[in-house]
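Biologist: I'm new to this one. Could you walk me through it?

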Amino acid sequence: MATRSTYLTDELNDYIATRFSSESAALRLLNIQALDAGIPAISISPEQTNFLQVMLRSIGATTVLEIGSLAGYSAIVMAQALPSYGVLYACEYDPTHAQFIRGKAREFGFESVIHVLEGAALQTIARLLETTDVTFDAVFIDADKVNYSAYLDLVLPRVRLGGLIIGDNALAWGEVARSATTLFEPHNVQALDAFNNHMCTHPQLQSTLVPLGDGMVVGLKIA
Ligand SMILES: C[S@@+](CC[C@H](N)C(=O)[O-])C[C@H]1O[C@@H](n2cnc3c(N)ncnc32)[C@H](O)[C@@H]1O
């Protein structure tokens, strides 16, 4: 009987990625085109695509909030797991990214599903919550690390029971368990550590951390 998790080598990671990925050729191309358009290559990894889709389908998600959408890669992945009448709000601060996402949403046939909320997410989400009675089945947090905990506190009241909060970069580029990080932005590592702790101690959530990509912390709303 194993009492510790198996160490995830590059070989094992490739094994997972080649079997458990939902990345299509069109999505691969999206990332290439994004890079050509000057958008950095910091989307989720292929093995995370399938995981997000399994999560959304398992709870029958129809309404999703994404915080940090870059070029639309993960937004499109998640839109693919929603019914045709589903809605995905894609929060994106950078106007160039937001424009790119709108174009890709059209190209992938998700014009009526993906709604880009352009601007700083704390503000755009607050406005959405004030002006609508929307509740979310799932929220995927993948933007500015220092605000992860603030995003959780802001959205959780409007996540349905049985809904999910998923945060990317839970392993903080491998630095989260180090007492003194060598990264040039230690505040991001500290913020991700604080977010993980907020997720695993929150009385309304049962959370787990899945070491796919840079790690995803997943919280199920139980109260
Ligand atoms: C890691 S990328 C998101 C990757 C995307 N989820 C994917 O996998 O395809 C982070 C994005 O968050 C955006 N961002 C950063 N701070 C933000 C904020 N305060 N509000 C909204 N978006 C923000 C950045 O412009 C960037 O496009």
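**Ligand, core and helices**

Modeller: Sure, and keep in mind that this is a predicted model. Let's start at the ligand: α4 and β2 (87-92) each supply at least two residues of the shell around it.

Biologist: How do the residues of that shell divide into nonpolar, polar and charged?

Modeller: There are 18 residues around the ligand, and S43, G68, Y73, S74 and Y93 come nearest. Sorted by type, the shell has 4 charged, 5 polar and 9 nonpolar residues.

Biologist: Which helix gives the most to the largest nonpolar core?

Modeller: That core has 64 residues, and V64, M78, L88 and A138 have the most contacts inside it. Take L88: beyond its neighbours within four places in sequence, its contacts include V64, A75, M78 and A79. The helix giving the most to the core, with 6 residues, is α4 (residues 73-79).

Biologist: Why do the buried residues of α2 line one face of the helix?

Modeller: In α2 (residues 25-36), the buried ones are L27, L30 and A34. Generally, an α-helix has 3.6 residues a turn, so residues three or four places apart point the same way. Looking down the axis of α2, the buried residues line one face because they fall within an arc of 45°.

Biologist: And what do the buried residues of α2 pack against?

Modeller: The face turned away from the buried side carries exposed residues, among them A25, R28 and D36. On the buried side, the packing partners are α4 and α5 (95-107).

Biologist: Which residue just after α2 takes a positive phi?

Modeller: Its phi is about 85°, and the residue is G38. After α3, phi is also positive, near 60°, at G60.

How values were computed: Residues are numbered from 1 along each chain as its sequence is written. This is a predicted model: local features need pLDDT of at least 70, side-chain atom pairs count only at pLDDT 80 or more; totals for chains, interfaces and linings use all residues. A nonpolar core is a set of buried Ala, Val, Leu, Ile, Met, Phe, Trp, Tyr and Cys residues joined through C-beta atoms within 7 Å. A residue is buried if 20 or more other C-beta atoms lie within 10 Å of its own, exposed if 12 or fewer, and partly exposed in between; C-beta atoms are placed from the backbone. Helices (H or I, at least four residues) and strands (E, at least two) are DSSP runs, numbered from the N terminus. Two residues are in contact if their C-beta atoms, placed from the backbone, lie within 7 Å. A residue is near a molecule or strand if its C-beta atom, placed from the backbone, lies within 6 Å of it. Ala, Val, Leu, Ile, Met, Phe, Trp, Tyr, Cys and Pro count as nonpolar, Asp, Glu, Lys and Arg as charged, and the others, Gly among them, as polar. The expected span of a helix is 1.5 Å times one less than its number of residues. The arc is that of the directions from the helix axis to the C-beta atoms.
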